[in-house]
Amino acid sequence: MKNFSQLVEGYGRFRSTDWQQQRDRWATLAEGQSPKVMVIACSDSRVDPAQIFDVDPGEIFVVRNVAAMVPPYETTPGHHGVSAAVEFAVQFLKVSEVVIMGHGMCGGCQAALTQDLHGNDPGAGGFVADWVGMLDEAREPVARELGTTGREAELAMELAAVKASLANLRSFPFVKDREDKGELVLRGAHFAISDGILRLLDEDSGEFSPAD
Ligand SMILES: [Zn+2]
């Protein structure tokens, strides 16, 4: 795995090749962005949306966090980073689609399922525990039916997390409003790292099926 000095060497290659070849594109992007799609993905190093969807700079507006989650609409004091990004994408950039992309072998979802970090202090897993605690309700049926360990339970938790975030996304009045008007489409997806397959959620059936 590369350290940051090696990443800077990569920057040098980018600057001398890709950037040079796409100078016109970067010049246009310097004037502003107008992506059509927002993607909410996990911070996990293996699931970079720009790579998975093979898109160029300027094409997707991305938020990544532990377990690819959207918190519920809350106006309590605090620093609501995901909410700020959703607000900016939906209300200012006017994206027409928001995709929540969970993934296989998600450590955040595993922590939600096992609750192993529950009760830990900040700095010792407490921040993660609090964050994935948003999945407690979604976790219940999974833990009851499949237990809290093993790949089957973990996958069920990952898929349930996508659905929970979709529900939370709809708790934002401006998201619900734009969806009701037909101006915004919300989508759920799951990327399986081991086989590289992207599955899309059919919200009518609740099932995830491989994308074409
Ligand atoms: Zn993850």
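The following exercises, each with a worked solution, concern a predicted model.

**Exercise 1. The zinc site**

Task: Determine which residues coordinate the zinc ion and where Cys 42 and Cys 106 lie.

Solution: Begin with the donor atoms. The zinc ion is held by SG of Cys 42, NE2 of His 103 and SG of Cys 106, at 2.0 to 2.3 Å. Next, consider the spacing of these donor residues in sequence, which reads C-x60-H-x2-C. Then place the two cysteines: Cys 42 belongs to strand 1 (residues 37-42), while Cys 106 is in the loop between strand 3 (97-103) and helix 6 (107-114), so the pair ties together parts that are 64 residues apart in sequence. Finally, both Cys 42 and Cys 106 are buried.

**Exercise 2. The surroundings of Ser 165**

Task: Decide whether Ser 165 is buried or exposed, and identify what it touches.

Solution: First locate the residue: Ser 165 is part of helix 9 (residues 151-169). Its relative accessibility is 1%, and buried means under 20%, so Ser 165 counts as buried. Next, list its contacts beyond four places in sequence: Ala 68, Met 69, Val 70 and Ile 100. For Val 70, a polar atom of the Ser 165 side chain lies 3.0 Å from the backbone nitrogen.

**Exercise 3. The nonpolar cores**

Task: Establish which residues of the largest nonpolar core touch the most other members, and which element gives the largest share.

Solution: This core has 28 residues, of which Met 101, Cys 109, Leu 135 and Met 157 touch the most other members. Two or more residues come from each of several elements, including strand 1, strand 3 and helix 6. Helix 9 provides the largest share, five residues. Turning to Cys 109, and leaving aside neighbours within four places in sequence, its contacts are Ala 67, Met 157, Glu 158 and Ala 161. A second, separate core comprises 24 residues, among them Val 82, Ala 89, Leu 166 and Phe 208.

**Exercise 4. Two aromatic pairs**

Task: Classify the pair formed by Phe 14 and Trp 26, then that of Tyr 73 and Phe 172.

Solution: The structure holds five aromatic pairs. In the pair of Phe 14 and Trp 26, the ring centres are 6.0 Å apart and the planes stand at 85°; planes over 60 degrees apart count as edge-to-face, so this pair is edge-to-face. Phe 14 lies in helix 1 (residues 4-16) and Trp 26 in helix 3 (residues 23-29). The pair of Tyr 73 and Phe 172 is edge-to-face, with 5.4 Å centre to centre and 70° between the planes. These two residues are 99 residues apart. With 40% relative accessibility, Tyr 73 counts as partly exposed, whereas Phe 172, at 2%, counts as buried.

Terms used:
Residues numbered from 1 in each chain as written. Predicted model: local features only at pLDDT ≥ 70, side-chain atom pairs only at ≥ 80, totals over all residues. Heavy atoms only, no water. Helix = DSSP H or I, 4+ residues; strand = E, 2+ residues; numbered from the N terminus. Buried < 20%, exposed > 50% of the residue type's maximum accessible area, 1.4 Å probe, protein only. Polar contact = N/O pair within 3.5 Å; in protein donor to acceptor, adjacent residues only side chain to side chain. Contact = heavy atoms within 4.5 Å. Donors = N, O, S within 2.8 Å, 3.2 Å for Na, K, Ca; no water. Core = buried A, V, L, I, M, F, W, Y, C linked by side-chain atoms within 4.5 Å. Phe/Tyr/Trp six-rings, centres within 6.5 Å; stacked < 30°, edge-to-face > 60°.
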